[in-house]
Amino acid sequence: VAIPGLPASFDGLVITQISDLHTGAYIRQPELDRVVEAANRLRGDLIAVTGDFMDSSTTQLDVARQSLARLRAPLGVFGILGNHDYYADPATPHYPGGMAIMGAMQEAGIGMLRNSHREIRVGSDRLVLGGVDWTGMRRGNPNFYDSPQTRRALTATFLGSEVGWPRILMAHHPHVFIDSHAFDVALTLAGHTHGGGQVVVAEVHG
């Protein structure tokens, strides 16, 4: 993937993307361990986990934490929440949702990004890795894509990042492609469609 303005230190950077693990009734430790082993064998410079750590409950959260703690990449392992993470760890009027999952994954050594970014540094060179939160739960329809809300989330995600360094974005829902280009994002990594085998039906409002 050609990224404009990519510093020489990052030329040839390899990102290993993992998505939609759906840990729960059908995906447990043996399956997760195989994913971790396969990812580590790829020896990527950075690992991006683009949401849906859990399926519909947090009963297997400790299993996911233990398995995913073995992910290794020299520039770090980072993650974001997906819609099923909200089904598993739902929001309430006094609870933003996903916090138990966020905490467990951070204990596993995964840098969780929730409308925030990290600078990835190699020497004096940098790139900005952003992670945008799932926004579809805010109107009752979990597949609703709210473009204005997403743009607000993207603004928060890159707030304070230095202009001029390349931006890479992690977003669970691929509809974010519609809006991320306006934020100078060179590459967006998304999941949710399970490799294209799942049709996403969503409303889009400008």
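Which residues does L71 touch, not counting residues up to four places away in sequence? Select L71 and you will find I18, V36, A39, N40, I47, V49 and V77 in contact with it (heavy atoms within 4.5 Å).

Before moving on, note that this is a predicted model, where local features need pLDDT of at least 70, side-chain atom pairs count only at pLDDT 80 or more, and totals for chains, interfaces and linings use all residues. Residues are numbered from 1 along each chain as its sequence is written, and side-chain values use heavy atoms, leaving out hydrogens and water.

Next, add F53, L68, I101 and M105 to your selection. Together with L71, they touch the most other members of the largest nonpolar core, which has 26 residues. Such a core is a set of buried Ala, Val, Leu, Ile, Met, Phe, Trp, Tyr and Cys residues joined through side-chain atoms within 4.5 Å; buried means under 20% relative accessible area with a 1.4 Å probe, protein chains only. A second, separate core of 14 residues includes I3, L127, L129 and I168.

Now select helix 2, residues 61-68 (helices are DSSP runs of H or I, at least four residues; strands are runs of E, at least two; both are numbered from the N terminus). Its buried residues are L61, V63, A64, S67 and L68. They lie on the same side of helix 2 because they cover an arc of only 160 degrees around the axis, taken from the directions from the helix axis to the C-beta atoms. These residues pack against helix 1 (29-42) and helix 4 (99-107).

Last stop: the open sheet, where 4 parallel strands follow the order 1-2-3-4. Strands pair if DSSP finds at least two bridges between them. Select T16 to see its bridge partner in strand 2, I47.

Definitions and conventions. Buried means under 20% relative accessible area, exposed over 50%, partly exposed in between (1.4 Å probe, protein chains only).
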